[in-house]
Structure formats: structure tokens, C-alpha cells
Amino acid sequence: MALLGATGSIGQQTLDVLRKEPDAVSLVSIAGGRRVDDLIAIAREFRVPRVGVRNAADASVIARELPGVEVVVGDEGLSDLASNADVVVNAVLGFAGLPVTLAALTSGRRLALANKESLIAAAPLVDRARAVSGAGEIVPVDSEHCAIYQSLAGSTHETGYPDVRRLLVTASGGPFRGKTREELEHVTKQDALQHPTWSMGEKITIDSSTLMNKGLEVLEASALFGISVERVEVVVHPQSVVHSMVEYVDGSTIAQLSMPDMRLPIAYALGRPVRFDHAWGSIDFSTALTLTFEPPDREAFPALDLAYAAGRRGGAAPAWLSAANEIAVASFLAEEIRWCDIVPVVEGVLTDYVDDPLDSLEALRDNDARARALARERIERLRT
Ligand code: NAD
Ligand code: MG
């Protein structure tokens, strides 16, 4: 297995799974961005022969510390590692995970996909890569999509799913569930980083507070399962026990339930079709457990409808949404803009979008760069 994004939240939880399954999986490579000491420690613990890192200066530090280990650099390094393992875990953050997604699919590897941004932005290119015979398969790590993947076993179809009425993606609602638009004008970074049910990296935690994460997950579900966004709905479920559901045309709804623990979908994606014999997040039904469901507040959390609009428009619109959001969230985390500016920045950027069918990697990179530049311009205007 290759674990790319090894030093992050998903990366660390994947290592937890490996510690429980030392005989089932061996780690042939890891990669990370900047946390060189952590990468070195992981390479030592798991005796990893190949390590990837973002820049050349860090690569020479790693090479010095780990004699005999091969060190690769940058996007090319990521593509190389993703092409050379049976299972590739893409736990890189954001658009930077694109080389991993494309290389794993074109090399016929299993892609255990946590990195939703690459799939959303590159959906037309990913579709093309998956259609080639011998292409790799995607097994989702994102908990909602792993739940849908498992619940789709009730369908008699492999694609298109005509017997499925809709996919129901559950959302915890984040830390600001129940707040009005006015109340949300004054929330702080500390407030936004307090997720009620999941402990995750900072970017996705902020995305959960705006519901942009759920919007991105609607696009992710549509891209993964080849189902239009019209057949994907969001249900707020604050306990995060029902991880998502599939409703069939006969009215049956099939769901996957477990206590919130990402190690379960990670282990599932590594082992499938085998289930590892170690339970993460099993439910204790000997005490009372209440599960509630409610519709999302689309007024207070406009990111959701923005994502649907981008999904209906298709082409490069989801790439623009995701790129502008990455810039806006980074700027909020750097305390340059307010929480309530994040989604308006993304919305503003999308007003400049001109339809592009996204037929090449070059076109995708151009669109990504353009959306980022426009987001930076809008942020600059807000700050002056
Ligand atoms: P994180 O910020 O904790 O970790 C990101 C990882 O990516 C780190 O190892 C970092 O070093 C690496 N990275 C960043 N840029 C890189 C680059 N250019 N080259 C190589 N490595 C690079 O993020 P996270 O919360 O673990 O999330 C990772 C992905 O998984 C995201 O796409 C997120 O949406 C998705 N996801 C996370 C969770 C969760 O529980 N944390 C749940 C579902 C989906
Ligand atoms: Mg999720």
C-alpha cells in the first residue's frame, strides 16, 4: 500500500488501522507536504522503502536521515508512488492530491480515496480514465460515500442504478447548526474549529462549518457513482451514526451505521471485499440511543445550493467552486477574512465562470489557477 498524505488526520488514522493489521498490509511508500520529522518517524516505524515530499530541500534532509530509502519529490514523485502499489490511499489535502488520483487510476491500482477535491475538480478527466479497460477502481474513504458504496450492494445494477431513487448524504450540521444568518456574522475561528462529532484536519473542519463540505460531498457522490446531483439529497443527522443512505424505487432505504470513527471506512477501503476482523465504531445498543433527522437550513448555509448549481453546470464549474473555496478557507484560517466572507467569495468567483467542458489536464490546471487568482482578488478587495 502507498499512503500519500501520511502525516495528516486521515494519514494518521490509516496508520492506526495498519498497526492492527500488520500481516494484511505492507506499506511500500508514504508521502507528505512539510512535516519532515513526522515522515521520517513513520518511515522508521513501518520500514518504508520509498518516501515522497513536496520540495527538494526537505528531500535531502530525509535522504540524510534515512540511508537506503529512496526519496522522490513533488507532483512527479506523487505520481510515481501512486503508480506503484496495489492500494493507493489518497489522503493528500485539496487539489494537490490530483496527481495521486490520476496516476492510481491510469495504472490500474485500487484508489482508496479520501481526497474529494481532486475527484470533484477533475470529474470529466476521472470519468475518462475510469472508462479505459484495466483502469483502477475507486473505493471511497469519505464516510458518507463509503456508506453509500456499501448500501448500493442492494442494487442489481453496476452502473446508472435505475432501481435507486436517490442517495441521501447525511450531514452532522457542523458547529453552527440551528444558528441564523445574523448570528453567523460574528462567529470566530475557534468556534468554527469545534466540530461536534468528528476530529479532522482544519480545512475540512471549516468546510463542515459552512456546509461546503456537504456541498462538495454531493458533487463527490455524483462523480463517484455516476448519478446526477438531482438524485443526491442532504439530510442533517447531528449524531453522525447513520453515515448515509440509499433509497430504492420500491421505498426501501438501506443505510450503514456505526459510531463516528474514520478508521472504519479506511479499513473497509483497504480490505474490500474482505472485512478486517477488528471493529471500529461498533454501536452499543445496551444503552439508549436517539437518532434524529432534519432538513438542512439552505438560507443560513448557502454553500449547499452553490455546490448544486456548480454540479448542474458541470464542466469546470465544480473545479472553480473547490479552488475558490480552498483559497477562501486558507485566508480565513490565516485570519484575513471573516467566516461569513468565505462562501460569498466563492459565490463571487463563480459569477465570472465561463463554461468550459474540461477536456484536458492542461485546461483543468488553467481553470484551477484562474479561480484561485479571482478568489485572491476578491479577498484583497474585502481587506482594503
Ligand atoms: P490534513 O490537513 O490533516 O492532512 C493533509 C495531508 O496532505 C498531510 O499529510 C500533508 O502533508 C499532505 N499534503 C498537503 N499538500 C501536499 C503536497 N503538495 N504533497 C504531498 N502531500 C501533501 O487533512 P485531512 O483532514 O487528513 O484530509 C485529507 C483529505 O481527506 C482531504 O481531501 C479531506 O477532505 C479528506 N477527508 C478527511 C476526513 C477527516 O476525517 N480528516 C474525512 C473525510 C475526508
Ligand atoms: Mg465526509
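1. Magnesium site. In this predicted model, the magnesium ion (ligand 2) has three coordinating residues: Asp 142 through OD, Glu 144 through OE and Glu 217 through OE, at distances of 2.1 to 2.2 Å. Along the chain these donors follow the spacing D-x1-E-x72-E. Glu 144 and Glu 217 link distant parts of the chain: Glu 144 sits in helix 8 (residues 143-151) and Glu 217 in helix 11 (residues 212-225), 73 residues apart.

2. Burial of the two glutamates. Are Glu 144 and Glu 217 buried or exposed? Glu 144 has a relative accessibility of 7%, so it counts as buried. Glu 217, at 1% relative accessibility, counts as buried too. The cut-off for buried is under 20% relative accessible area, computed with the protein chains only.

3. Shell around ligand 1. Ligand 1 is surrounded by 23 residues, and the closest are Thr 7, Ser 9, Ile 10, Gly 33 and Glu 117. By character the shell divides into 11 nonpolar, 8 polar and 4 charged residues. Helix 1 (9-20) and helix 6 (116-121) each contribute at least two residues to this shell. Both domain 1 (2-140) and domain 2 (142-312) are represented, with at least three shell residues from each.

4. Polar contacts of ligand 1. Which parts of Thr 7, Arg 54 and Leu 93 approach the ligand? For Thr 7 it is a polar side-chain atom, 2.7 Å from an oxygen atom of ligand 1. For Arg 54 it is an N or O atom of the side chain, 3.2 Å from a nitrogen atom of the ligand. Leu 93 uses a polar backbone atom instead, 3.3 Å from an oxygen atom of ligand 1. Taken alone, the ligand exposes 820 Å², and the protein buries 89% of that area.

5. A cis peptide bond. The bond from Arg 272 to Pro 273 is cis, with omega near 10°. Pro 273 belongs to the loop between helix 12 (263-271) and helix 13 (303-313). Anyone checking the backbone by eye can look for the cis bond in that loop.

6. Positive phi at Tyr 161. Tyr 161 is not a glycine, yet its phi is positive, at about 50°. Its place is the loop between helix 8 and strand 8 (164-171). Helix 8 is also the helix that holds Glu 144 of the magnesium site. With a relative accessible area of 11%, Tyr 161 is buried.

7. Positive phi at Ser 240. Ser 240 is another residue other than glycine with a positive phi, near 50°. The loop in question runs between strand 9 (232-236) and strand 10 (242-248). Is Ser 240 buried or exposed? Its relative accessible area is 5%, so Ser 240 is buried.

8. Ala 122 and Leu 364. Ala 122 is found in the loop between helix 6 and helix 7 (123-131). Helix 6 also supplies residues to the shell around ligand 1. Ala 122 is buried, with a relative accessible area of 0%. How far apart are Ala 122 and Leu 364 in sequence and in space? They are 242 residues apart along the chain, while their C-alpha atoms are 7.0 Å apart.

9. Leu 304 and Met 245. Leu 304 lies in helix 13 and is buried, because its relative accessible area of 0% is under the 20% cut-off. Between the C-alpha atoms of Leu 304 and Met 245 the separation is 18 Å, with their positions 59 residues apart in sequence counted as the distance along the chain.

10. Val 345 and Leu 102. Helix 15 (residues 342-351) contains Val 345. At 3% relative accessibility, Val 345 counts as buried. The C-alpha atoms of Val 345 and Leu 102 are separated by 29 Å, and the two residues are 243 residues apart along the chain.

11. Ala 41 and Ser 143. Ala 41 is placed in helix 2 (residues 36-46). Is this residue buried, exposed or partly exposed? Ala 41 has a relative accessible area of 43%, so it is partly exposed. Its C-alpha atom is 28 Å from that of Ser 143, a residue 102 positions away along the chain.

Methods:
Residues numbered from 1 in each chain as written. Chains lettered and ligands numbered in written order. Predicted model: local features only at pLDDT ≥ 70, side-chain atom pairs only at ≥ 80, totals over all residues. Heavy atoms only, no water. Donors = N, O, S within 2.8 Å, 3.2 Å for Na, K, Ca; no water. Helix = DSSP H or I, 4+ residues; strand = E, 2+ residues; numbered from the N terminus. Buried < 20%, exposed > 50% of the residue type's maximum accessible area, 1.4 Å probe, protein only. Near = heavy atom within 4 Å. Polar contact = N/O pair within 3.5 Å; in protein donor to acceptor, adjacent residues only side chain to side chain. Areas by Shrake-Rupley, 256 points an atom, 1.4 Å probe, with all protein chains shown as cover. Nonpolar A, V, L, I, M, F, W, Y, C, P; charged D, E, K, R; others polar. Domains from an automatic or database assignment.
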